[in-house]
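Visitor: I have a model open on my screen and would like to talk it through, one piece at a time. Could you take me along?

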Amino acid sequence: MRYFAFLAPILAIIASSFAWGEEGPKQNRLRLETSAYLQMHAENAIDWYPWGDEALAKAKEENKPIFVSIGYASCHWCHVMEKESFSDPKIAEFLNKHFICIKVDREERPDVDSVYMLATQIMANSGGWPLNVFLTPDAKPFIGTTYLPAEDREVPLADGQAVGVQPGFLTLAKRVAIAWKEQQPQLEEVGDNVTRALKQVLGRPLLSPELADSDSIFRTFDRTLEKEFDPRFGGFEFEEGNDRIPKFPQPSYLVYLLKRHDAGHATSGNMLELTLEKMAHGGIYDQVGGGFHRYSTDRHWKIPHFEKMLYDNAQLLSIYAQASKSLDKPEFAEVARGIAEFVLSEMTGPDGEFYSAFDADSDGEEGAYYRYSPEELQEKLSADQLRLAEQAFGMTGEPNFEEEYYVPQFHGAPEAEKLADLKEALLALRNQRDKPFLDKKVITSWNGQMIRGLADAGRILEEPRYVEAASKAADYLLNATATNDGRLRRTWETKENQPPAYVDDYAMLIDGLLALHEATNDSRWLVEAGKLQATQQKHYADETFGGYYFTPDDNSNLIVRGKLYTDGALPSGNAVSVSNLKTLAQLVPDQADQYNAWAQKTIESSSTLLNDHPNSTARMAAELVKD
């Protein structure tokens, strides 16, 4: 999206000195929050508020701009900015004097995150976390950015010869404060313009164009895939000659490729197989402990960004299990088992619930838990184990991580028993270190995805333990996250002044319950899925134009209520809802017409994207593939 040109003169204001206010509180009100991410900022001298009516009302009362900072507990750069900027008394003093400061856990409040992430993409054509946005007292955004160092610093320019200055966070905050004092009407105009753009995008056109035929949509999508696909290392969005561009698994793409392969499209199967193979052999897959890291920092899938997210592993578990059967690749079944065993061992709570994420950092360093030094291997492994580590995981020669360490990658297939013994020895070394922080937040939608993953894997791989684990988690969610009136909560800790749940929570839990029904043939799961679908329809559906709003009809304090169709790390709730409705139509014949009508209306409401940019809504495109 284009950058708003009228921001340039505001950002060009030169910083000047300000009198410092009094030092902020030593323990701010985030201490009262349940979110681990918010609690990480409770010792900041910044007078943080959680997102809510109290902070918004105070901003209006004092006519102060709002500073909103959004992140999550396992985010490496969020930790860096907390340490560099938000723990700095000088910065805290300035923010407390000139802004109302709000901290948001994006996993707890994805509604807030989605609005201001899109706003930042509109204004700056970029986004990421930590997300830092300045708002008017009416919560309308006028400047957005991601990570910034605390102070200005010199950076090399594009030509590699000259050096420029990158403004730090404190400089930006000063510029915003000056602009608010001297040009408040102009900033309010920017906020109004950005808000109008948000409503156009999130609200979608009232009259969507006629949906193109499926073959036309597939041709458009397939052309995009062919351009983006890496023919050497699999995956998408690469640049020949530049190996340092990050590469993400993109599960929604993989689901589309899997369904297209199953429908007889050979090229899709080839893309899928190469991608899954290269990912499974790279460092993005934890060769020692199982499970996938968030993304690869390079084209080759070698070195990951080390956080481990439940939603990545949930989706990839289902995909690898299904692909093992569809592509007749037994090695993919072993990867699926590795994911499942990791999650059941490391990310499962006492009542069967699934925790949300492992941090990338431990002992203050990214990847410290997962890496191995040559000296450590020489000292701790036997001669036979060392040779096997060299053969199986490439742990020999020049280190592949930070010039000092090895991150294991799969290079060969020794005897299974010997490989298991080596993994056990490497795990023993790893377990002598401090583990990364585990965020024990239990998110309904992410748990629904893992229920789907375990149910699929258990059914396809004939592993009853996995289906039992999925059933236990489903029982937990249906009890712990239920409200008195039969609705869901985002987490069992969701407060009354927050939206109880989002459309993703309904859609993805329903999806998990339907997968359990398929795996067990137990009608209980189908009945519960039908109840939840009825509640979703009542509180989230756009009965006039189709599709589902992200937030419920009775609880939102955002500047726009939107419908989300694009996939990110997670599929869109609208796409998953279409899948659910089509499945319910097959399983509940007396309501089939109604379910199919809702599904078709939701598909048609996304026609703008499906017709022209189906890659942005890959899971919805996958639902057009005939079974």
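**Helices, loops and the whole chain**

Guide: Let us begin with a helix: in α4, the buried residues are His 76, Cys 78, His 79, Val 80, Met 81, Glu 82, Ser 85 and Phe 86. Please keep in mind throughout that this is a predicted model.

Visitor: How many of the residues of α4 are buried, then?

Guide: Helix α4 covers residues 76–86, and eight of its 11 residues are buried, so the helix is largely enclosed by the rest of the structure.

Visitor: Okay, let me zoom out. How many helices and strands does the protein chain have?

Guide: The protein chain has 24 helices and 14 strands. Its radius of gyration is 25 Å, close to the 25 Å that the globule rule gives for 627 residues, so the chain is as compact as a globular protein of that length. Taken along the principal axes, the box filled by the C-alpha atoms is roughly 70 × 70 × 50 Å.

Visitor: What share of the residues counts as buried?

Guide: Of the 627 residues in the protein chain, 59% count as buried. As for the contacts with a separation of 6 or more, 68% of them are between residues 24 or more positions apart.

Visitor: And the surface and the charges? How much of the accessible surface belongs to carbon and sulfur atoms?

Guide: The accessible surface comes to about 25,800 Å², and 48% of that belongs to carbon and sulfur atoms. On the charge side, there are 64 positive and 97 negative side chains, with the centres of the two sets lying 3 Å apart.

Visitor: Back to helices. What span should α12 have, and what is the distance between its end C-alpha atoms?

Guide: Helix α12 runs over residues 310–326, and at 1.5 Å a residue its 17 residues should span 24 Å, which agrees with the 24 Å between its end C-alpha atoms. Since 14 of these 17 residues are buried, α12 is largely enclosed by the rest of the structure. Just after the helix, Asp 328 takes a positive phi of about 55°.

Visitor: What about α13, does it fit the expected span or depart from it?

Guide: Helix α13, residues 330–346, agrees with expectation, as its 17 residues should span 24 Å at 1.5 Å a residue and its end C-alpha atoms are 25 Å apart. Its buried residues are Phe 332, Ala 333, Val 335, Ala 336, Gly 338, Ile 339, Ala 340, Phe 342 and Val 343.

Visitor: What covers those buried residues of α13?

Guide: The cover includes the helices α11 (266–281), α12, α17 and α18 (464–480), along with the strands β10 (308–309) and β11 (357–358).

Visitor: Gly 338 caught my eye. Which residues is it in contact with, sequence neighbours aside?

Guide: Leaving aside neighbours within four places in sequence, Gly 338 is in contact with Tyr 285, Gly 290 and Gly 291. Its relative accessibility is 17%, and because buried means under 20%, Gly 338 counts as buried. Its C-alpha atom is separated by 17 Å from that of Ala 428, which is 90 residues away along the chain.

Visitor: You mentioned α17 as well. Is Asp 456, in that helix, buried or exposed?

Guide: Asp 456, which lies in α17 (residues 444–461), is buried, with a relative accessible area of 0%. Beyond its neighbours within four places in sequence, Asp 456 is in contact with Ser 318, Gln 322 and Ala 515.

Visitor: Switching to backbone oddities: where is Pro 130, and is the peptide bond from Trp 129 cis or trans?

Guide: Pro 130 lies in the loop between α6 (110–124) and β4 (131–135), and the peptide bond leading to it from Trp 129 is cis, with omega near 5°. That is worth a look because most peptide bonds are trans.

Visitor: What is phi of Asn 125?

Guide: Phi of Asn 125 is near 60°, a positive value in a residue other than glycine. Asn 125 is in the loop between α6 and β4, and at 53% relative accessibility it counts as exposed.

Visitor: And Glu 403, where is that found?

Guide: Glu 403 is found in the loop between α15 (383–393) and α16 (416–430). Its phi is positive, about 60°, although Glu 403 is not a glycine, and at 74% relative accessibility it counts as exposed.

Definitions and conventions
Residues are numbered from 1 along each chain as its sequence is written. This is a predicted model: local features need pLDDT of at least 70, side-chain atom pairs count only at pLDDT 80 or more; totals for chains, interfaces and linings use all residues. Side-chain values use heavy atoms; hydrogens and water are left out. Helices (H or I, at least four residues) and strands (E, at least two) are DSSP runs, numbered from the N terminus. The radius of gyration is taken over C-alpha atoms; the globule rule is 2.2 Å times the number of residues to the power 0.38. Buried means under 20% relative accessible area, exposed over 50%, partly exposed in between (1.4 Å probe, protein chains only). Contact means heavy atoms within 4.5 Å. Accessible areas come from the Shrake-Rupley method with a 1.4 Å probe; for residues, only the protein chains shown count as cover. Lys and Arg count as positive and Asp and Glu as negative; His and the chain ends are not counted. The place of a charge is taken as NZ of Lys, CZ of Arg, CG of Asp or CD of Glu. The expected span of a helix is 1.5 Å times one less than its number of residues.
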